[in-house]
Amino acid sequence: MSQATITLLQNYYDAFNRQDMDAFLNMLTDDVIHDVNQAGREIGKEKFSAFMDRMNAHYKEQIVDISIMTNEAGDRAAVEFTVLGEYLSTDEGLPEANGQKYNLPAGAFFVIRDGKVARITNYYNLEDWVKQVVG
């Protein structure tokens, strides 16, 4: 496994957990591809930044229990983790928010290019999340 890729992804999730969006976004290529869970594909750091602004307005999350795996070249990685979250305000098309807490297993796949994240694909069970916030 590639130690540089493991360090990059550890730093990526550390920045996310600190809500340091400048550091977080700095780890992405300008043409980053973001495959949104059970949704479409967005391309570009500007679109990813707008996505994160929306997410941070509706959710407060910490990523824990992180396990990082890479291929030998270090240009691909898979990360398994748990999302500990709080649903702060209602996100369009989703149940009403009132501060519900959730604990959600999730995973992500990465492509790494020139020491930065060039693609991220996140997966989690949306039905499980809905059950947790609806009660």
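Which strand is Gln100 found in? Gln100 sits in strand β5, which covers residues 100-113. Keep in mind that this is a predicted model. Below is a quick tour of Gln100, helix α3, the aromatic residues around Phe16, the pair of Tyr59 and Tyr87, and the strand pairing around His34.

**Gln100 and its surroundings**

- Gln100 has a relative accessibility of 11%, so it counts as buried, the cut-off being under 20%.
- Its side chain reaches back to the backbone oxygen of Glu96, at 2.9 Å.
- If you skip the neighbours within four places in sequence, Gln100 is in contact with Gly85, Glu86, Tyr87 and Val133.
- One of those contacts, Tyr87, turns up again below as half of an aromatic pair.

**Helix α3**

- Helix α3 takes in residues 45-58, 14 residues in total.
- From its first C-alpha to its last, α3 reaches 20 Å, close to the 20 Å expected at 1.5 Å a residue.
- The buried residues of α3 are Lys45, Phe48, Phe51, Met52, Met55 and His58.
- Look down the axis of α3 and those buried residues fall within an arc of 145 degrees, so they line one face of the helix.

**Phe16 and the aromatic cluster**

- Phe16 has its place in helix α1, residues 3-18.
- Phe16 is buried, because its relative accessible area is 10% and the cut-off is under 20%.
- Apart from neighbours within four places in sequence, Phe16 is in contact with Phe24, Met52, Glu61 and Ile63.
- Met52 is also among the buried residues of α3.
- For a sense of distance, Phe16 and Ile6 lie 10 residues apart in sequence and 15 Å apart in space, going C-alpha to C-alpha.
- How many aromatic pairs does the structure hold? There are 13 of them.
- In one such pair, the ring centres of Phe16 and Phe24 are 5.8 Å apart and the planes meet at 55 degrees, so the pair is tilted.
- Phe24 is buried too, with a relative accessible area of 2%.
- Phe16 and Phe24 belong to one aromatic cluster together with Tyr12, Tyr13, Phe48, Phe51, Phe81 and Phe110.
- Two members of that cluster, Phe48 and Phe51, are buried residues of α3.

**The Tyr59 and Tyr87 pair**

- Tyr59 and Tyr87 form a stacked aromatic pair, at 5.3 Å centre to centre with 15 degrees between the planes.
- This pair links distant parts of the chain: Tyr59 is in strand β3 (residues 59-70) and Tyr87 is in strand β4 (residues 76-87), 28 residues apart.
- Are these two tyrosines buried or exposed? Tyr59 counts as buried at 7% relative accessibility, and Tyr87 is buried with a relative accessible area of 0%.

**Strand β1 and its partners**

- Strand β1 (residues 28-35) pairs with strand β6 (residues 116-124) in the parallel sense, over four bridges.
- Strand β1 also runs antiparallel to strand β2 (residues 41-43), and three bridges join the two.
- What stands opposite His34 in β6? That would be Ile120.
- Over in β2, His34 stands opposite Glu42.
- The hairpin of β1 and β2 has five residues between the strands, and in it Gln38 takes a positive phi near 50 degrees.

How values were computed. Residues are numbered from 1 along each chain as its sequence is written. This is a predicted model: local features need pLDDT of at least 70, side-chain atom pairs count only at pLDDT 80 or more; totals for chains, interfaces and linings use all residues. Side-chain values use heavy atoms; hydrogens and water are left out. Buried means under 20% relative accessible area, exposed over 50%, partly exposed in between (1.4 Å probe, protein chains only). A polar contact is a pair of N or O atoms within 3.5 Å; within protein, one must be able to donate a hydrogen and the other to accept it, and residues adjacent in sequence count only if both atoms are side-chain atoms. Contact means heavy atoms within 4.5 Å. The expected span of a helix is 1.5 Å times one less than its number of residues. The arc is that of the directions from the helix axis to the C-beta atoms. Rings of Phe, Tyr and Trp (its six-membered ring) pair if their centres lie within 6.5 Å; planes under 30 degrees apart count as stacked, over 60 as edge-to-face and the rest as tilted. Two strands pair if DSSP finds at least two bridges between them.
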